[in-house]
Amino acid sequence: MTAIVAGQSNKRCSMVAGTTQVCNGSYGNNGWLGLASINITGGVHITQGSAKMNDTYFNTATYNNPNEKRHVMCQEVAHTFGLDHQSTDGSSQNSCMDYFSNTGANATSTLSTRPNKHDFDELNTIYAHLDSTTTVSQATAASARRPTSISTTIRIVGASW
Ligand SMILES: [Zn+2]
C-alpha cells in the first residue's frame, strides 16, 4: 500500500527512510528534467528514494506544460518503485516509462503521461511475494527486474528525441 503524505524532506530532497520524497526546485541547467535516486539493501529491497523535478527547465516555454510534467513526474516516481524504461528511442509506448517528449508539436498529447499495463505487470512481478515465503526462483525473478546497487536515473534534456 502506498500512502501519499506531506513532504518530510528538505530543499535538497534528502531521502527519508521508508519513503520516496518528491520535490521540485530550480536545480540549474544541469541536463536533467527529472532525477530519481534510490537506496537498496541486501541487493533486493528499495528502502528509500527521491524524485526531483527541475524547475529550471519546467519554467521555460518548452517544458512548461502539464503533459510533459506528468510524464517526467510519473517516470521518476516509478523509478523509485524499481521500474525501468520501456524504451529510450523517443517512440511512445504510451507509458510514462518511455522517452517520448510531450513538447513542441506533442505538447498537447497525453501519450506517455501515465503507466501502462506492462508497468503494472512489472510491479506485480516485483512485489507479489511475501519475504517470509520467498523462494529462490521468486527472488531471482524479482531481483532481475531491480537495480542491484544504489542507482541514479537521469532523463537528459535536449537530446534528439
Ligand atoms: Zn528514466
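The lining of the largest pocket is made up of 17 nonpolar and 12 polar residues, with no charged ones. That is a handy place to start a walk through this structure, which is a predicted model. The pocket holds about 940 Å³ of space, and 29 residues line it. If you would like to find its centre on screen, look for Thr2, Thr20, Val77, Thr80 and Phe81, the lining residues that lie nearest to that point. Several elements take part in the wall: β1 (20-25), β3 (45-54), α2 and α3 (117-127) each contribute at least two residues. Of these, α2 gives the most, with five.

Helix α2 also leads us to the metal. Which residues hold the zinc ion? Gln75 through OE1, and His79 and His85 each through NE2, coordinate the zinc ion at 2.0 to 2.1 Å. Read along the chain, these donors follow the spacing Q-x3-H-x5-H. Glutamine 75 and histidine 79 sit four residues apart in helix α2 (residues 66-80), so about one helical turn separates them. Are these two buried or exposed? Both glutamine 75 and histidine 79 are buried.

Next, let us visit helix α1 (residues 55-58), where you will find threonine 56. Its side chain reaches the backbone nitrogen of tyrosine 27 at 3.4 Å. Leaving aside residues up to four places away in sequence, threonine 56 touches Gly25, Ser26, Tyr27, Gly28 and Asn29, so tyrosine 27 appears both in this list of neighbours and as the partner in the polar contact under the 3.5 Å cut-off.

Moving on to helix α3, we meet histidine 118. Histidine 118 counts as partly exposed because its relative accessibility is 39%, which falls between the 20% limit for buried and the 50% limit for exposed. The C-alpha atom of histidine 118 is 8.4 Å from that of serine 95, although their positions lie 23 residues apart along the chain.

Finally, two residues deserve a look for their backbone angles. Cysteine 13, in the segment before β1, has a phi near 65°, a positive value in a residue other than glycine. With 3% relative accessibility, cysteine 13 counts as buried. Serine 112 belongs to the loop between α2 and α3 and has a positive phi of about 65°, though it is not a glycine. Serine 112 counts as buried because its relative accessibility is 0%.

Conventions:
Residues are numbered from 1 along each chain as its sequence is written. This is a predicted model: local features need pLDDT of at least 70, side-chain atom pairs count only at pLDDT 80 or more; totals for chains, interfaces and linings use all residues. Side-chain values use heavy atoms; hydrogens and water are left out. Donors are N, O and S atoms within 2.8 Å of the metal (3.2 Å for Na, K and Ca); water is not among the atoms, so sites may look incomplete. Buried means under 20% relative accessible area, exposed over 50%, partly exposed in between (1.4 Å probe, protein chains only). On a 1 Å grid over the protein atoms alone, a cavity is a set of points where a 1.4 Å probe fits but cannot get out, and a pocket is an open set with protein on both sides within 12 Å along at least five of seven lines; lining residues have an atom within 4 Å of a point. Grid points are joined across faces, edges and corners, and a volume is the space filled by probe spheres set on the points. Ala, Val, Leu, Ile, Met, Phe, Trp, Tyr, Cys and Pro count as nonpolar, Asp, Glu, Lys and Arg as charged, and the others, Gly among them, as polar. A polar contact is a pair of N or O atoms within 3.5 Å; within protein, one must be able to donate a hydrogen and the other to accept it, and residues adjacent in sequence count only if both atoms are side-chain atoms. Contact means heavy atoms within 4.5 Å.
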